[in-house]
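Colleague: Could you take a close look at the nonpolar surface and follow it into the charged pairs? A careful, connected account would suit me best.

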Amino acid sequence: MQPNKTATANPALFWFGLALALVFVLIPIVALAHDVAEGDKAFVQSIDGPAIFPFLYLGAKHMVTGYDHIAFLVGVVFFLRRLKDVVLYVSMFTIGHSTTLLGGVLLGVGANAFIIDAIIGLSVVYKGVENIGGFSRIGLNIDTRLAVLVFGLFHGMGLATKIMDLGISPNGLLANLIAFNVGVEMGQVLVLTLVVFVFSSWRKRPSFEKYAFAANVALILVGVALTAVQVQGYLSS
């Protein structure tokens with residue numbers, strides 16, 4: 001799962017510059033994304049009782065539009081060639097985020113959303129660094145499966161925080177939470193199907209070996225931007 005180190009300097013510089021431009025584009029978007037959409041919040045607050053399909057939709061919408069979750073999953077599957085490996089790592093992530101999503105809301109265990117989102121940003125940084133062999137170069141061996149599970153717990157806590165921000169009614173809470181979680185999984189499957197298809201096609205081309213390193217550097221920079229904005233939000237809140 002380690003990248004081929006044949007990336008040339010010029011393409012790396014090109015992708016590095018492109019990633020920097022992407023970071024500056026993302027910063028204002030990330031800064032605004034911390035809040036729950038007012039339309040969704042008003043809709044959820046109007047619901048009293050089980051509402052399976054609306055919460056399925058909200059869960060899927062959150063995952064499909066959750067660029068921090070998507071960035072992490074892109075890093076996870078970047079070098080996975082076998083379907084069983086994709087299923088294994090995605091299952092670890094799913095177990096993690098489902099546990100803290102359901103447990104966090106049902107037990108009323110919250111956390112500062114800025115801190116959780118900053119850790120989610122760091123999860124993107126971690127995966128990019130691992131993909132380019134950064135940890136192995138300093139003799140640090142991390143069990144990727146365990147790391148994906150642990151970061152999944154933080155991603156789930158982030159989801160739980162968003163749910164609690166919605167002001168969901170306790171009437172029908174369990175059914176609605178399960179529906180939301182299933183919706184998240186549906187959105188995840190949709191996103192991963194597209195991502196795995198793109199990577200499967202890209203790996204057959206010479207450009208994959210050429211740009212894999214630079215692409216993961218770009219992923220690291222995106223993670224740094226996600227983290228920095230949340231830290232700034234925490235300090236100014």
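**Met186, its patch and the charged pairs**

Modeller: Met186 counts as partly exposed because its relative accessibility is 48%, where buried means under 20% relative accessible area, exposed over 50%, and partly exposed in between (1.4 Å probe, protein chains only). This is a predicted model, in which local features need pLDDT of at least 70 and side-chain atom pairs count only at pLDDT 80 or more, while totals for chains, interfaces and linings use all residues. Residues are numbered from 1 along each chain as its sequence is written, and side-chain values use heavy atoms, with hydrogens and water left out.

Met186 lies in helix H9, a helix being a DSSP run of H or I with at least four residues, numbered from the N terminus. On the surface, Met186 joins Leu106, Leu107, Val109, Leu174, Ile178 and Val182 in a nonpolar patch with about 640 Å² of accessible area together (Shrake-Rupley method, 1.4 Å probe, only the protein chains shown counting as cover for residues). Such a patch takes residues with over 30% relative accessible area and no salt bridge, nonpolar side chains being joined within 5 Å. Helix H9, residues 173-202, gives the most to the patch, with 4 residues.

Leu106, another member of the patch, is the last residue of helix H5, whose 24 residues run from 83 to 106. From its first C-alpha to its last, H5 reaches 34 Å, close to the 34 Å expected at 1.5 Å a residue, the expected span being 1.5 Å times one less than the number of residues. Just after H5, Gly108 takes a positive phi of about 65°.

Turning to charge, a search of the whole structure finds 3 salt bridges, each a side-chain nitrogen of Lys or Arg within 4 Å of a carboxyl oxygen of Asp or Glu. Asp85 meets Arg82 at 2.9 Å, N to O; Asp85 counts as buried because its relative accessibility is 16%, whereas Arg82, with a relative accessible area of 48%, is partly exposed.

A second salt bridge pairs Lys127 with Glu130, their closest N and O atoms being 2.5 Å apart. Both residues lie in helix H6 (residues 113-131), 3 residues apart, about one turn of the helix. An α-helix has 3.6 residues a turn, so residues three or four places apart point the same way. Lys127 counts as buried at 1% relative accessibility, and Glu130 as buried at 12%.

In the remaining pair, the side chains of Asp143 and Arg145 meet at 3.3 Å, N to O; Asp143 is partly exposed with a relative accessible area of 36%, and Arg145 counts as partly exposed at 42%.

Conventions: Patches are made of residues with over 30% relative accessible area and no salt bridge: like charges are joined within 9 Å, nonpolar side chains (Val, Leu, Ile, Met, Phe, Trp, Tyr) within 5 Å. Helices (H or I, at least four residues) and strands (E, at least two) are DSSP runs, numbered from the N terminus.
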